[in-house]
Amino acid sequence: MAELRRDPLLDRWIITGTAQGESLEALITIYKKVSSQECPFCVGKETETLPEIFALRQTGSRVNTPDWQVRVIPTRTQTLTLQGDLQKRGEGGIYDLENAIGSHEIVIVSPKHLTHFSQLSPEEIAEVLKVYRWRLQELAKNNLCRYALIFHNQGDGPVAVEHAHSQIVTLPFVPKTIREEINGAKRYYNFKMRCIFCDILEQEIETNKRVVLENEDCLAFTPFASRFPFEVWILPKKHGCCFVESEEETFFNLGVVLKNVLGRIEKVLANPPLNFILHTAPLRYQELDEGEIISDVYHWHLEILPHALPAGGFEWGGDFYLNPPLPEVTAKILRES
Ligand SMILES: [Zn+2]
Ligand SMILES: [Zn+2]
Ligand SMILES: [Zn+2]
């Protein structure tokens with residue numbers, strides 16, 4: 001049984017025990033790259049994965065057959081569960097431990113064996129964004145899920161399948177980074193009565209020092225205090241705390257910017273490993289005591305984090321980061337690439 005363990009020092013939750021027995025073996029062999037012939041995510045291999053949860057399909061085509069455009073499946077090492085309850089158990093004392101309630105899904109972003117998200121067209125990216133949204137709407141119906149984290153890993157590292165895929169992990173708590181962003185946004189709002197992200201948008205557009213790309217619906221820029229070299233955030237221009245509530249018409253323009261920025265990062269850094277992460281309001285935030293505040297202060301966004309430096313060269317996830325190049329310089333390089 002998977003477990004959620006709280007680090008008593010840093011107040012951060014770790015999911016562990018998801019790989020046992022067969023899935024532990026799967027983890028050990030994860031580093032063996034899967035060639036495109038053997039790729040279980042390619043079209044025509046639908047029976048080699050667990051049955052699909054959802055797929056964007058040609059009307060009339062049957063589930064778990066070809067003719068899909070975006071396909072959502074559970075992960076093989078699925079040991080998180082959406083049933084049961086969140087009882088505390090185990091060691092006690094200073095160690096908190098809970099059953100790992102949650103889910104872990106794979107979003108296969110194309111039936112073709114593409115390895116880079118930037119190989120999708122803006123139209124195709126818009127379809128992927130719609131699938132993200134449908135899943136978030138669906139997962140919000142489960143009261144045990146408090147948050148759904150959507151991220152996309154690309155490139156070197158322990159990637160079992162190189163076929164481009166995003167992941168959705170639902171959690172019975174709000175991750176620390178999101179909690180801290182909401183709290184920080186609240187502090188700013190209490191002081192200025194404005195959304196900090198909207199103010200950032202305005203200032204970035206006005207100063208134009210860190211802008212990488214802009215269109216009618218969104219802005220891509222290197223944050224003033226970037227943690228990583230060539231880190232880029234994409235902010236929707238229209239205020240909204242929740243990705244699910246954003247207008248579908250904006251997805252194409254978001255796709256244009258995401259494709260373009262990823263392509264530039266890949267070009268400048270010669271195809272580095274990278275992640276992008278969707279930061280949005282907690283599921284069913286409207287029902288929370290602070291729901292109204294969240295809707296005023298928080299502003300959903302995408303964070304693109306290239307791993308330009310070798311591991312150890314930066315502090316991944318820590319509170320202190322050493323980021324050698326100035327964000328103004330990386331923005332200029334990306335703009336001109
Ligand atoms: Zn493939
Ligand atoms: Zn805003
Ligand atoms: Zn964020």
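In this predicted model, Y132 is in contact with V107, F117, I150, S166, F243 and F276, when its neighbours within four places in sequence are left aside. Y132 also belongs to the largest nonpolar core, which holds 46 residues, and it is listed with F117, I234, L258, V261 and I304 as the members that touch the most other members. The element that gives the most to this core is helix α2, spanning residues 122-139, with 8 residues. Apart from this core lies another, of 30 residues, including L4, F173, I178 and C241. In soluble globular proteins, nonpolar side chains tend to be buried together.

Two of the residues that touch the most other core members, L258 and V261, are also listed among the buried residues of helix α5, together with F251, N253, L254, G255, V257, L262, R264, I265 and E266. Helix α5 comprises 18 residues, numbered 251-268, and its span of 26 Å from the first C-alpha to the last is close to the 26 Å expected at 1.5 Å a residue. Just after α5, A270 takes a positive phi of about 50°.

The zinc ion designated ligand 1 has as its protein donors C39 (SG), C42 (SG), H113 (ND1) and H163 (ND1), which lie 2.0 to 2.3 Å from the ion. The angles among these 4 donor atoms run from 102 to 117°, and the site is tetrahedral. For comparison, the ideal angle for four tetrahedral donors at a metal is 109.5 degrees. Along the sequence, the donor residues of this ion follow the spacing C-x2-C-x70-H-x49-H. Distant parts of the chain are linked by the pair C42 and H113, 71 residues apart, with C42 in the loop between α1 (22-28) and β3 (54-57) and H113 in the loop between β6 (103-108) and α2. C42 is buried, because its relative accessible area of 11% falls under the 20% limit, whereas H113, at 23% relative accessibility, counts as partly exposed.

A further zinc ion, ligand 3, has its protein donors at 1.9 to 2.7 Å, and these are E181 (OE), listed twice, H279 (ND1), H301 (NE2) and E303 (OE). The donor residues of this ion are spaced E-x97-H-x21-H-x1-E in sequence. Here the pair H279 and E303, 24 residues apart, links distant parts of the chain, with H279 in strand β12 (residues 274-279) and E303 in strand β13 (residues 301-306). H279 is buried, with a relative accessible area of 4%, and E303 is likewise buried, with a value of 1%.

How values were computed. Residues numbered from 1 in each chain as written. Chains lettered and ligands numbered in written order. Predicted model: local features only at pLDDT ≥ 70, side-chain atom pairs only at ≥ 80, totals over all residues. Heavy atoms only, no water. Core = buried A, V, L, I, M, F, W, Y, C linked by side-chain atoms within 4.5 Å. Buried < 20%, exposed > 50% of the residue type's maximum accessible area, 1.4 Å probe, protein only. Helix = DSSP H or I, 4+ residues; strand = E, 2+ residues; numbered from the N terminus. Contact = heavy atoms within 4.5 Å. Donors = N, O, S within 2.8 Å, 3.2 Å for Na, K, Ca; no water. Tetrahedral: all angles 85-135°; square planar, octahedral: opposite > 155°, others 65-115°. Expected span 1.5 Å × (residues − 1).
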